[in-house]
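Thanks for coming, everyone. I'll take you through helix packing, then cavities, then one strand residue. Have a look at the structure first.

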Amino acid sequence: MPAARRLALLLALIVAQPAIADTDVKTSTARAPGLQYPATQRLDIVEDHFGVKVADPYRWLESDLRSDPAVRDWVRRENGLTRAYIDALPGRDALKARMQALFSHGRFTIPRKAGGRYFYGYNSGLQNQTPLYLREGLDGRQRLLLDPNDWARDGTAALAEWAPSPDGRMLLYAVQEAGSDWRSLRILDVDSGKTGEDRIDWVKFSGLSWDGRSEGFFYSRFPAPATSQVFQSASQNQSVWYHRLGTAQALDLLIYATPDRPTLGHSAEVTRDGRWLVVSSFEGTGPRRELHVAALDGGPIRLRALVRGRDSDWRMIGSVGSTLYFITDRGAPRMRVVALDAARPRRGGRQIVAERADSLAGGSLVGDRLILAYATDSMTVAELSELDGRKVSGVPLPGVGTAVGFGGRAGDPETFFSFSDFTTPPGIYRFDTATLKTSLFAQPDMPFDPDDFGIEQLSYPSKDGTLIPMTIIRKKALARSGKPAPTILYGYGGFNISLTPGYSAPRLAWLEQGGVYAIANLRGGGEFGKAWHDAGRLANKQNVFDDFIAAGEFLKARGYTTADGLAIEGRSNGGLLVGAVVNQRPDLFAAALPAVGVMDMLRFDRFTAGRYWLDDYGSPGKARDFPLLYSYSPYHNILGGRDYPAILVTTGDTDDRVVPAHSFKYAAALQAAAIGDKPHLLRVETRTGHGSGKPVDKLIDEYADSYAFLAYFTGLKIDATPRRTFSAATAGH
């Protein structure tokens with residue numbers, strides 16, 4: 001159905017709905033056998049948007065459940081219904097047990113070097129949070145520095161960002177509570193192991209950058225919100241500050257702010273030699289920044305414009321003296337490397353590495369060379385170049401997959417990176433840019449045989465004929481049999497984010513049971529540079545939905561799955577994707593899993609980080625953007641009279657990235673609609689946010705619930721037979 005016709009039909013249905021007074025309560029009729037949804041109040045709220053009357057009967061669910069007992073009680077009843085339903089599903093406990101086994105291996109994070117010391121995270125397997133360790137020298141003995149598992153009884157306090165001082169004597173670290181985006185910063189004395197009195201609050205979306213003397217650091221913060229708005233207030237008026245060790249936050253020095261442009265965000269970064277401060281300013285998630293630079297020479301910090309106008313992306317990857325190296329898309333949609341002179345900001349840039357066919361995904365200056373990572377066929381290829389851009393060689397990687405890391409500094413050729421693929425947990429490797437030698441730092445044992453699984457990479461045509469890459473993972477034996485199997489299709493398609501190969505224990509649990517997992521690299525992502533991103537944002541957003549629908553049709557037509565064996569999964573922007581395509585093609589899917597999704601496209605910009613998303617979505621407050629946003633908004637496009645797939649909506653009660661009201665309102669609208677007999681349930685995790693910092697036990701519970709739900713409605717039979725397990729990791733040093 002054309003978008004205009006869908007919109008006209010939707011308007012007719014909404015206007016035709018009877019007005020219900022504030023005191024009226026609607027109890028949804030149970031359509032799934034034995035399932036009675038909680039009574040949900042409907043308000044008579046109809047607003048005019050550019051001449052269009054739009055109903056919002058569940059506006060009251062936007063209130064913060066911590067301060068609104070009605071919302072809190074509604075969530076309690078929804079959770080009770082969902083818990084009872086999922087506990088009765090076959091195979092849920094077996095899936096949980098297997099996921100626990102797949103998590104039960106040691107996991108290292110990429111080491112960072114400072115003052116001859118190596119700082120890294122290590123989780124023995126099922127620890128809810130990852131402790132931080134230290135080695136004195138590469139071959140030194142491992143010493144525990146911080147264990148966040150002691151910070152909260154329920155495991156929801158996490159060690160978020162951290163940065164050792166240049167001399168390695170102090171550690172600046174961020175504490176994350178209940179999955180929130182808010183951070184509190186603390187200082188640890190590395191030698192004594194004691195945390196000092198310094199405490200910095202109301203930090204969010206901030207880098208952590210020490211000055212070159214290890215005397216203090218730069219950070220970004222927002223004004224303190226009202227108590228009732230901590231998890232909902234819009235993120236505005238971010239500013240950059242400097243904190244000197246041993247002083248109160250009230251004495252911190254304001255470095256940069258734009259009160260005349262409150263929607264700008266600002267991040268601060270110090271060059272690894274401590275000589276220059278670079279402040280990057282941006283308005284949304286789109287890669288468009290302006291830059292200011294200041295010399296850190298002991299005198300007053302005076303910022304000067306380095307790049308004017310937010311028309312392109314600039315990411316600093318290193319410096320030598322006053323020469324700053326950046327990756328930019330100015331004049332190069334697939335990115336190139338440019339050098340700017342910090343001492344002479346008005347001088348134009350000098351190209352170091354030209355744009356090429358593959359997208360330049362990242363880079364760093366290590367030793368006296370550049371390491372550049374290119375995305376090719378959704379995988380990583382790393383190359384080593386001289387500082388004048390001449391290619392030295394490829395960086396030897398362990399296989400075909402994703403490499404991340406490569407942090408370092410000028411003058412020191414040592415760097416570390418993590419490498420993984422779809423069926424291999426991340427291993428940590430050391431690379432020397434002078435000798436070109438790669439060595440293993442740490443490799444986890446695997447509680448399964450990766451050779452049991454096959455990976456197919458192919459392309460399929462979307463609605464307009466564009467070829468969309470897709471990766472399909474399944475057991476080799478299943479592929480040889482040629483038989484279809486229950487399949488999960490995953491997608492994201494937005495914000496210039498690429499879906500690259502990476503390991504997932506819950507996904508392996510699904511594959512072991514004989515399921516298929518497919519990942520579509522939709523337009524809107526960053527796989528093929530700026531043009532690919534632009535093809536899936538703003539007025540082109542429908543392309544993303546068309547790409548995903550075409551992926552589902554392809555999987556069925558080619559016999560990967562059966563007519564009733566396809567489930568879809570997406571998180572955040574991917575949750576929006578799932579909600580939108582279910583509304584547009586409910587017949588295509590047996591089950592759907594929209595997690596922490598953006599479901600109300602007319603009010604997303606009113607809460608927390610929502611205003612940052614205008615670059616990808618457009619503004620519901622603009623006449624030119626409203627019709628498209630309204631036409632695909634999941635909350636507003638649930639139309640009765642069609643059978644919908646089984647849907648499990650998931651969110652966290654302290655998600656302050658995509659506030660849980662999106663999922664609350666969407667679930668309430670699903671349950672009130674006449675859309676068939678399959679269940680439409682809401683699962684709200686307590687004291688968790690958008691994803692980061694989630695304790696391992698809560699993560700396992702969420703995926704055991706979610707995949708048991710998908711298994712039941714796609715026909716995947718769960719085998720409870722125990723499989724072999726491991727519990728340790730091997731270290732190269």
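**Helix packing and cavities**

Let's start with helix α5, residues 505-512, which packs against α12 at an angle of about 30°, the two axes being 11 Å apart. Keep in mind that this is a predicted model. How do α5 and α12 run relative to each other? Angles under 35 degrees count as roughly parallel, so α5 and α12 are roughly parallel to each other. The crossing of α5 past α12 is right-handed.

Who touches whom? On the α5 side we have P506, R507 and W510. On the α12 side they meet Y703, Y707, L710, A711 and T714. Sorted by class, that contact has six nonpolar residues, one polar and one charged.

Stay with α12, residues 696-714. Helix α3, residues 92-103, packs on α12 too. Here the angle is about 140° and the axes are 9 Å apart. That makes α3 oblique to α12. The handedness of this crossing is right-handed.

Now the residues. From α3 come R92, L95, K96, M99, Q100 and F103. From α12 come V696, L699, I700, D701, Y703, A704, D705, Y707 and A708. By class, count ten nonpolar, one polar and four charged. Note Y703 and Y707: they meet α3, and they also meet α5.

Next pair: helix α7, residues 541-557, and helix α8, residues 573-584. Their packing angle is about 70°, with 10 Å between the axes. Parallel or perpendicular? The range for roughly perpendicular is 65 to 115 degrees, so α7 and α8 are roughly perpendicular to each other.

In this contact, α7 brings K541, Q542, V544, F545, F548 and I549. They meet N573, L576, L577, A580, V581 and Q584 of α8. The class split is eight nonpolar, three polar and one charged.

On to the cavities. How many are there of 30 Å³ or more? Four.

The largest cavity holds about 80 Å³ of space. Its lining has 14 residues. Lying nearest the centre are S63, D64, R66, Q232 and P660. Across the lining of this largest cavity, seven residues are nonpolar, two polar and five charged.

The second largest cavity has a volume of about 50 Å³. Its lining is E47, H49, V54, A55, D56, R59, L602, R603 and H636. Which elements give two or more residues to that lining? Strands β3, 46-49, and β4, 52-55. Class by class, the lining of the second largest cavity has three nonpolar, two polar and four charged residues.

Last stop: E386. You'll find E386 in strand β28, residues 379-386. Which residues does E386 touch, leaving out those up to four places away in sequence? The list is D368, R369, L370 and V392. Take D368 from that list. E386 and D368 are 18 residues apart in sequence. In space, their C-alpha atoms are 7.2 Å apart.

To recap, α12 packs with α5 at about 30° and with α3 at about 140°. Helices α7 and α8 pack at about 70°. The largest cavity has about 80 Å³ of space, and the second largest about 50 Å³. And E386 of β28 touches D368. That's it from me.

Technical notes:
Residues numbered from 1 in each chain as written. Predicted model: local features only at pLDDT ≥ 70, side-chain atom pairs only at ≥ 80, totals over all residues. Heavy atoms only, no water. Axes fitted to C-alpha atoms, helices over the stretch in contact; angles between N-to-C directions. Helix = DSSP H or I, 4+ residues; strand = E, 2+ residues; numbered from the N terminus. Parallel < 35°, antiparallel > 145°, perpendicular 65-115°, else oblique. Left-handed = near helix turned anticlockwise from the far one by under 90°. Contact = heavy atoms within 4.5 Å. Nonpolar A, V, L, I, M, F, W, Y, C, P; charged D, E, K, R; others polar. 1 Å grid on protein atoms, 1.4 Å probe; cavity = no way out; pocket = protein on both sides within 12 Å on 5 of 7 lines; lining within 4 Å. Points joined across faces, edges and corners; volume = space filled by probe spheres on them.
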